[in-house]
Amino acid sequence: MQHRSDVEAADALKHAYEQIRAEIGKVIIGQDEVIKFVLISIFSNGHCLLVGVPGLAKTLLVQTVAQVLDLDFKRIQFTPDLMPSDIIGSEILGEDRNFKFIPGPVFSNIILADEINRTPPKTQAALLEAMQEKAVTAAGVTHKLAKPFFVLATQNPIEQEGTYPLPEAQLDRFMFNVALNYPSFKEELQVVKNTTSTHQVTVNKQLNADQIIYFQQLVRNIPVTDNVLEYAVKLVSKTRPDSEFATPQVKRLLNWGAGPRASQFLILGAKCHAVLNGKYSPDIEDVKAVAKPILSHRIVRSYHAEAEGLSASDIIEQLF
């Protein structure tokens with residue numbers, strides 16, 4: 001897949017994105033923001049955490065994205081008794097008396113980590129190397145994962161009994177933390193109509209693995225002006241209570257701020273957001289557009305913020 005210039009390639013990405021949105025829209029009613037952030041994370045080569053109550057089509061969304069993008073897809077249902085070998089695979093003794101590695105479900109393009117907080121930290125950690133290094137080590141041997149590779153994880157925010165909150169190091173590996181809301185009355189009406197009849201939908205494949213890798217490279221090639229870079233880094237610095245840019249309000253409301261990975265994701269996300277909106281270079285508005293789902297899981301609210309009922313999004317809003 002070759003284009004004569006990056007401008008032509010950017011136009012092709014915007015066109016592909018619109019077609020993908022249209023195909024996903026056949027199955028998923030509403031949830032436009034969520035779909036946008038999932039696709040931005042894919043084109044930016046990041047991972048995405050979807051947080052929402054049961055029944056909001058989180059799993060169906062991920063399955064549909066995998067179908068439209070013509071990628072290999074595996075679903076891992078996280079449970080308290082899941083072991084690391086159930087994810088990455090294990091060594092078995094073959095008929096020839098030699099050990100051989102049997103790959104686990106992580107060897108796929110898109111991994112749906114369903115209810116990721118239902119499993120103990122030991123098993124959650126099995127995904128850490130895969131998410132960061134795009135490789136898995138078993139019995140001292142490192143196995144590379146197929147490209148592209150994404151983890152799209154789901155989490156239920158209500159029931160916290162019997163769950164294991166994700167450690168900060170793992171949360172930081174997710175580019176976006178996207179909250180799913182209930183559908184509107186009209187959207188829910190359409191969902192019920194479609195799912196309680198014989199109505200069947202066929203989605204058409206739009207992109208393959210090689211095209212996605214090409215577009216990921218394109219996103220990294222997009223130029224960024226210094227003032228946008230400075231704005232993104234300053235925005236992240238403002239979340240750190242001990243930073244020179246932190247306001248008295250931030251010092252009171254936050255215990256911990258976001259790390260440098262947040263700055264990297266802000267720029268990558270802004271680049272991708274700009275292209276998908278027909279621009280060839282991101283501006284400050286593009287940084288703001290992706291800031292909340294990038295920063296919300298990277299800041300730790302203080303007792304004052306919780307007592308005043310301020311969410312992470314409320315605090316981020318004050319930073320702009």
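Start by selecting Asn-227, which sits in helix H10, spanning residues 226-237. Helices here are DSSP runs of H or I with at least four residues, strands are runs of E with at least two, and both are numbered from the N terminus. This is a predicted model, in which local features need pLDDT of at least 70 and side-chain atom pairs count only at pLDDT 80 or more, while totals for chains, interfaces and linings use all residues. Residues are numbered from 1 along each chain as its sequence is written, and side-chain values use heavy atoms, with hydrogens and water left out.

**Stop 1: around Asn-227**

Is Asn-227 buried, partly exposed or exposed? Its relative accessibility is 46%, so Asn-227 counts as partly exposed. The cut-offs are these: buried is under 20% relative accessible area, exposed is over 50%, and partly exposed is in between, using a 1.4 Å probe and protein chains only. Now add Asp-283 to your selection. Asn-227 and Asp-283 are 56 residues apart in sequence, and their C-alpha atoms are 8.6 Å apart in space.

**Stop 2: Gln-217**

Next, select Gln-217 in helix H9, residues 209-221. With a relative accessible area of 47%, Gln-217 is partly exposed. Draw a line from its C-alpha atom to that of Gln-67: the two residues are 150 apart in sequence and 22 Å apart in space.

**Stop 3: zoom out**

Show the whole chain as a cartoon. You should find 15 helices and eleven strands. The radius of gyration is 20 Å, close to the 20 Å that the globule rule gives for 320 residues, so the chain is as compact as a globular protein of that length. That radius is taken over C-alpha atoms, and the rule is 2.2 Å times the number of residues to the power 0.38. Along the principal axes, the C-alpha atoms fill a box of roughly 65 × 45 × 45 Å.

Switch to a surface view for a moment. The accessible surface of the chain comes to about 15800 Å², and carbon and sulfur atoms account for 52% of it. These areas come from the Shrake-Rupley method with a 1.4 Å probe; for residues, only the protein chains shown count as cover. Of the 320 residues, 49% count as buried.

**Stop 4: the span 252-318**

Colour residues 252-318. An unreviewed UniProt entry places the feature "domain: ChlI/MoxR AAA lid" here; positions follow the numbering used here, feature names are shortened, and annotations may be inferred rather than shown by experiment. The span is 63% helix and 7% strand, and its end C-alpha atoms lie 13 Å apart.

Keep that colour on and pick Val-290, in helix H13, residues 284-295. Val-290 has 0% relative accessibility, so it counts as buried. Which residues does Val-290 contact, leaving aside its neighbours within four places in sequence? They are Phe-37, Ile-40, Phe-176, Leu-266, Gly-269, Ala-270 and His-273, where contact means heavy atoms within 4.5 Å. Another residue to click is Cys-272, which is 18 residues from Val-290 along the chain, with 9.8 Å between their C-alpha atoms.

**Stop 5: helix H1**

Move to Arg-21, which lies in helix H1, residues 6-27. Arg-21 is partly exposed, at a relative accessible area of 22%. Not counting residues up to four places away in sequence, Arg-21 touches Asp-32, Ile-35, Lys-36 and Leu-39. Between the C-alpha atoms of Arg-21 and Leu-61 there are 11 Å, while the two residues are 40 apart along the chain.

**Stop 6: backbone details**

Most residues other than glycine have a negative phi, and most peptide bonds are trans. With that in mind, look at three loops.

- Asn-45 is in the loop between helix H2 (32-43) and strand E1 (47-51). Its phi is near 60°, a positive value in a residue other than glycine. Asn-45 is partly exposed, with 31% relative accessible area.
- Glu-115 is in the loop between strand E5 (110-114) and helix H5 (121-124). Its phi is positive, about 50°, although Glu-115 is not a glycine. Glu-115 is also partly exposed, with a relative accessible area of 24%.
- Pro-148 is in the loop between strand E7 (141-144) and strand E8 (150-155). Which kind of peptide bond joins Lys-147 and Pro-148? It is a cis bond, with omega about -10°.
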